[in-house]
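Work through the exercises below with the sequence and the model side by side. Each task is followed by a solution that goes step by step.

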Amino acid sequence: MEVAIQMALLAVGFVLLVKGADWFVEGASKVAEMFGIPQLVIGLTIVAMGTSLPEAAVSVSAALKGSAEITIGNIVGSNIMNVLLILGITSVITPIAVQKSTVKYEIPFMIVISGILMGLGCMDNVVGLTDGVILWALMLCYLGYLFVMTKKGAILPAEEENAEQDKDAPLWKILLLILIGGGMIVLGSDVAVDAATELAKIFGMSERLIGLTIVAFGTSLPELVTSATAAIKGKADIAVGNIVGSNIFNILFVVGTSALITPVAYAANFFTDSIICIATAVLLWVLVAGRKRLGRLGGACMLACYAGYFLYLMR
């Protein structure tokens, strides 16, 4: 009975997180538009960070509650899952074209910062304030790169399908949307972390394992839904760029912000997971380099790799 209650609470937490992030981003984007901030900037900042909000909320909440293994596990697990499972499923549905800038700059940058995170964590088994500053500095550099590349027309800002809707909505309604969305994110992260921690105790599982699997899957739902829907609609060409961007934000924005708020413990167990995370990014790079596309065979290879990783975790 206790297991069923905690699973239900975990599901409720994930629903609150995903819907709350959706409303928060929608409201924040509309407020930015009202103040004359260009759509380009909105797409590269608010919307781009939007899919990382569930990870951010859960990671910060877990860090503050002393469940640090959920914090790092959530990010490393989400990044592995985003590439192997989500891109794997998407490219099996339909082959995905990959932009030149993604192959040349963004995937290598994702590999480098995955290595930096591992290095910062392994140095003293904690990602602290100084590390948070380093990660945030790298994020600002990345935002600068995105802005320059988009101005050149080399990459496209994140798309918003409903941008034309509710343009004339009153300010109070939009602010209420932001407040409710923000409240749902905070409440959802709180409920999800508590339920995940309780499940770990009930099943005798480590918080690391819970973070790498159940919590990572829950917080990756926005990316999964977005990418799979885009593939079904024949618009999957943005999938690789969006996933790579989300992974970069997960490390720089989510871990960086968590470390600025409170030191995040980096358990020795995460060394192997971090190596796998880097290997996952390298695999993606190898599969798309030279081809500028991720085909069904590559997607099947990724799904097989994720199955192997999952079996490794469950051993």
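**Exercise 1. Describe the lining of the second largest pocket by residue class, and trace it back to the helices.**

Solution. In this predicted model, the lining of the second largest pocket divides by class into seven nonpolar, three polar and one charged residues. The next step is to name them: the pocket is lined by Ala56, Ala57, Val60, Ser61, Leu64, Val186, Ser189, Asp190, Phe253, Thr257 and Ile261. With Asp, Glu, Lys and Arg counted as charged, the charged residue in this list is Asp190. Turning to the elements, at least two lining residues come from each of helix H3 (53-64), helix H7 (171-203) and helix H10 (239-261), and H3 supplies the largest share, five residues. The volume of this pocket is about 170 Å³.

**Exercise 2. State how many cavities of 30 Å³ or more the model holds, and work out what lines the largest cavity.**

Solution. The count comes to two cavities of 30 Å³ or more, and the largest cavity holds about 50 Å³ of space. Its lining is made up of Ile75, Val76, Asn79, Ser114, Leu117, Ile251, Ser274 and Cys277. Placing these residues on the elements, helix H4 (68-93), helix H5 (100-124) and helix H11 (270-288) are the ones that give two or more residues to the lining, and H4 gives the most, with three residues. By class, the lining of the largest cavity has five nonpolar residues, three polar residues and no charged residues.

**Exercise 3. Carry out the analysis for the second largest cavity, and identify the element that supplies the largest share of its lining.**

Solution. About 40 Å³ of space lies in the second largest cavity, which is lined by Asn79, Val83, Met110, Ser114, Asn247, Cys277, Thr280 and Ala281. Asn79, Ser114 and Cys277 appear both in this lining and in that of the largest cavity. At least two lining residues of the second largest cavity come from each of H4, H5 and H11, and the largest share, three residues, is from H11. Sorting by class gives four nonpolar residues, four polar residues and no charged residues.

**Exercise 4. Characterise the packing of H11 against H12 by axis geometry and by contact residues.**

Solution. Two packed helices are described by the angle between their axes and the distance between the axes. The axes of H11 and helix H12 (residues 296-314) come within 11 Å and cross at roughly 170 degrees. Because angles over 145 degrees count as roughly antiparallel, H11 is roughly antiparallel to H12. On the H11 side, the contact is formed by Thr272, Asp273, Ile276, Leu283, Leu284 and Leu287, which meet Gly298, Cys301, Met302, Cys305, Tyr309, Tyr312 and Leu313 in H12. The residues of this contact divide into ten nonpolar, two polar and one charged.

**Exercise 5. Decide whether Gln6 counts as buried or exposed, and find what it touches.**

Solution. Gln6 lies in helix H1 (residues 2-34). Its relative accessibility is 8%, and since buried means under 20%, Gln6 counts as buried. Leaving aside residues up to four places away in sequence, Gln6 touches Asp194, Ala195, Glu198, Leu199 and Ile202. For one of these partners the separation can be given in two ways: Gln6 and Ala195 are 189 residues apart in sequence, while their C-alpha atoms are 5.1 Å apart in space.

Methods
Residues are numbered from 1 along each chain as its sequence is written. This is a predicted model: local features need pLDDT of at least 70, side-chain atom pairs count only at pLDDT 80 or more; totals for chains, interfaces and linings use all residues. Side-chain values use heavy atoms; hydrogens and water are left out. On a 1 Å grid over the protein atoms alone, a cavity is a set of points where a 1.4 Å probe fits but cannot get out, and a pocket is an open set with protein on both sides within 12 Å along at least five of seven lines; lining residues have an atom within 4 Å of a point. Grid points are joined across faces, edges and corners, and a volume is the space filled by probe spheres set on the points. Helices (H or I, at least four residues) and strands (E, at least two) are DSSP runs, numbered from the N terminus. Axes are lines fitted to C-alpha atoms, for helices over the stretch in contact, and angles run from 0 to 180 degrees between N-to-C directions. Angles under 35 degrees count as roughly parallel, over 145 as roughly antiparallel, 65 to 115 as roughly perpendicular and the rest as oblique. Contact means heavy atoms within 4.5 Å. Buried means under 20% relative accessible area, exposed over 50%, partly exposed in between (1.4 Å probe, protein chains only).
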